[in-house]
Amino acid sequence: MRRSRSMAGPEIASIPESLDVDRRTSADSEGAESSSATGNTDQLGHGHFFTKKSFHKPSYCHHCAEMIWTLIGVSGYVCEVCNFVVHERCMKHVVTPCSSIAAALIKNPVPHCWSELIHVKRKFCNVCRKRLDDLWCFRCEICDYYVHAECQEFAASNCRECATYTPGKEPAQIIQYHHWSEGNLPNNSKCASCRKSCWSSECLCGYRCAWCILTAHPLCRSTVPQECDFGPLKKIMLPPSVVTIPRTELPMETIIGVLSYRKMKDKESKEKESGNEKETRTAISEELSSSTGINGKDSSGESSSSKERKRRKEKEREDKEERKERDSQKEERRSKDKDDEEQDSDAEIVKVFDGNSSMRRKVFRTITVNRNAGAKEVVEAALRSFYIKDDPGNYYITEALEGSEERTLDVTTPICSMLMKEDSRERPSLFLRYRDKDPNKGFIKVYPGNLKSSQGYKSIPVTSDTTVDDVLEYALRKFGLGTTTKSKYNLIEVTMDNRVTERVLSHNEKPWRIMQQIRKESIHQMLKTRFYLQEKEDPHGSTIALFIGNLPSNLSQRQYHGILMGFIGDDNPFSTIGIIYYEYGSVVIIYDNNDAAVRAFNSLKVAVFDDRNLLVMLLPNIQAQLLANLKELTPLLVFVNVKSGGCQGMELIASFRKLLNPYQVFDLGNGGPLPGLYVFRNVPKYRILICGGDGTVGWVLQCLDNVGQDSVCQSPPCAVVPLGTGNDLARVLRWGTGYTGDEEPMDILRDVIEADEIRLDRWTVVFHPDEKPEGEVKAVAACQVMSSSTAEDNTSMFVMNNYFGIGLDADLALDFHNAREENPDKFNSRFHNKRIYFKMGLRKMVKNRSAKSGSRDLQKEIELEVDGKHVDLPPVEGIIILNILSWGAGCNPWGMEKDETFSKPTHWDGMLEVVGVTGVVHLGQMQSGLRSGIRIAQGGHIRIKMRSELPVHVDGEPWSQGSGQVVVLRSALRATMLKKTKIKRRHTTEVHHSVTEPERSSS
């Protein structure tokens, strides 16, 4: 490989000014102050260190995405630091910065929100630009930034800034800019400027705006307007300019709920699953397995024992293939290492530490150098391995000896003759050290941060005796803020590592000594350490809201106050209690001090009350007054039940966080709907997208009923992404039978924008048990339905959205509910749940039912009255009272036949439909569409007298109800829903939208 320093051009010469410890003269530092606030790459240069290389296998240019290869091999260039590959003809057009200077281009660092370790296909690392296939990696949940696990510490902290509210700024002065991220573009992406393809599956190339999904070539990016309008989602996007997050040390993962207690529960469930692996492969339960019949075979004609043997064989085969694949990968790596050693027998692999901290943590980088290489070449290789672009003359290497001793290596002597461990099998360890030209003085960079200044950083000359007060005075004068306001500002130390951390410096600290100490600990950390000016008073205000859940329900305010103060402590009291959700055992407390709020958060997140971990969240704040001027904007509040639909909920919430502002997407497993509704309480107009089953929809509607009176928008329209088993309400509203994962999340959001508002009638079901012990309710409905009762008459009330059943269908639902309560981990598939329903139906056809377990001759057990008139019941085993024309996963019990006796039913006509079911066979015929139910009555007020205990269910939530009276009447609570339109979307020709993937037609 032949090195070509000259190919980098004049850009390389300007790279040293990107370092945070400045060694230039004061005249040079003044010249850097005119750099733009966004870190213009034209001034810093692209920073690559290109060397010429002949490619003997297909490679692709990272600038134009075209191939660099022919039969005879074509010379191209590759960056020795970040592996950027480029044609010779594209050299002068390269604008993509090297990973070594990426951090220097950031004005205000924003930390990434990393996922757990994952495996992905056809993606590339944004640091080293290599493939991620079959390797552990991290993905940013906000901006889709990918890195290898070992490259994570070198990632640039340039995530989307999702809360940028600036006090005193008029809406007309607010400008949203594009947030560009490189590579990993969607398939068939086209440049918004030249209309040509800008994506590649072979290399990291092209740019994408994380807000508006606009894509462009690197050179074409400069021709795209700088202002971002959020693209096709601008009508439902929550602008970051209206969101504020108070200044705290809590990471973003904590605020948006990525680091929630859900992860710990997932980890526990995985451990439990791995520990009981054999048990999970057996039949669902002994009761459910009874459907195997007399011959011990299930409906497929195969015995349970043979199926178990087949499962074991399949498991053994999978394990054998996995071991074989691991062995082949190891063998391939061994052969590759052997070939490399044969190819270059003089190569020496050396471990390099960049400071004392990395030595203590055993974190190092390996470099491969020739045994005859001098110390200077080793320094150059070490700088490239740590993604440092600087003059090698500013560094030297030392050998790590026993204990804390080091030995400086001579510059001219070959490394093989200097290393004391030359004959040892252990790899030699080296330290990369910084050479101080003058250890008593130098320059530090001070950035304006969020101050009202369009200037970049200022280089401040400092000595070993310069204090923070001196730096503040000098920096304020340079930024034109006046030294008289010094008491209003702090100097903070910012470290841009995996989590961007801040520390307020005391006035007597010495910044130059701080940098020298950091330099000894880690050179990489030194280059990622900055100083910022910051106002002491938080411009966003100091009001912080903490949401606390998992408390006992229906306590008094004094009791809640006493519980919380017991965990927080009397020395850290909160200002006031904001809102108490008594029925849910949730409280919002308000702090007016950031540090006190963080201390309370840390105390509450580990607190346990009544054997339950308390749930605590720090909530963002929306400046609703700014939304009033945006008439066309209707922000979308997204709720995702990640427990619904297997892993589909997790995939959806990750997609919506990337497409929308993550502060408008909430995980229902992390506090339910209440945190999101509290955040949006002052928004004058918004929509809701509920991702879950019918029970999840009822849960959200119930919470809206309880908190709507405290909100500006009391009845926001709701759309549904069906993730449940039946999804009857979603079917009626045309949102589909169930989310399969084939639908693009972008298409779902576009359908929400185009959806029509429609009213949904809601009904109150009141149970008046007879005054006897048998009349008590033996099961409590789940939280999806609203219930209340009085101690005097034991009356219970529930809100019904879909349907209410008594008898046969409720008995089946109750059996299924009990089986799922016993083994909740086994009911995680929509198809599996339907199969269990089918098995239960077959079992009921074979077995004799008792009077309580079944409902034969139900007409003898109940009396029906509709709108004050007695109705004679035909011989039936169950009745279903319908509000919507979908029941049991899409079945229409009312039927499509026209009948002059009854009016055409809708879910907004104020009427209920009563149908009868004669048996299990009748239910099966209804499910298959061969037959409809028996039409009995239609009305707006229904009264039922129950003479004995019978199974009942409201919206699929079953229990056994004793004798008494049931009244179904129209509720004053109504819901506004969103019905998907039937418009067939066509491909658009607009430049702004043409950069996304081809849209799927939806109906």
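Helices and strands are DSSP runs, numbered from the N terminus. With that numbering in mind, the tour of this predicted model may begin.

**First stop: Tyr387.** Select Tyr387, which is found in the loop between helix 9 (375–385) and strand 14 (395–400). Its phi is near 55°, a positive value in a residue other than glycine. Most residues other than glycine have a negative phi. Is Tyr387 buried or exposed? Tyr387 is buried, with a relative accessible area of 9%.

**Second stop: Ile213.** Next, select Ile213. Its place is in the loop between strand 9 (207–209) and strand 10 (215–216). Ile213 is not a glycine, yet it has a positive phi of about 65°. Ile213 is buried, and its relative accessible area is 10%.

**Third stop: Cys203 and Cys205.** Now display the side chains of Cys203 and Cys205. The cysteine sulfur closest to that of Cys203 belongs to Cys205, at 4.0 Å. Why is there no bond between these two sulfur atoms? A disulfide requires sulfur atoms within 2.5 Å, so the distance of 4.0 Å is too far for a bond. Cys203 itself is buried, with a relative accessible area of 2%.

**Fourth stop: Cys718 and Cys713.** Finally, select Cys718 together with Cys713. The sulfur of Cys713 is the closest cysteine sulfur to that of Cys718, but the separation of 9.3 Å is too far for a bond. Cys718 counts as buried, at 0% relative accessibility.

How many disulfides does the structure hold? The structure holds zero disulfides.

Technical notes
Residues are numbered from 1 along each chain as its sequence is written. This is a predicted model: local features need pLDDT of at least 70, side-chain atom pairs count only at pLDDT 80 or more; totals for chains, interfaces and linings use all residues. Side-chain values use heavy atoms; hydrogens and water are left out. Buried means under 20% relative accessible area, exposed over 50%, partly exposed in between (1.4 Å probe, protein chains only). Helices (H or I, at least four residues) and strands (E, at least two) are DSSP runs, numbered from the N terminus.
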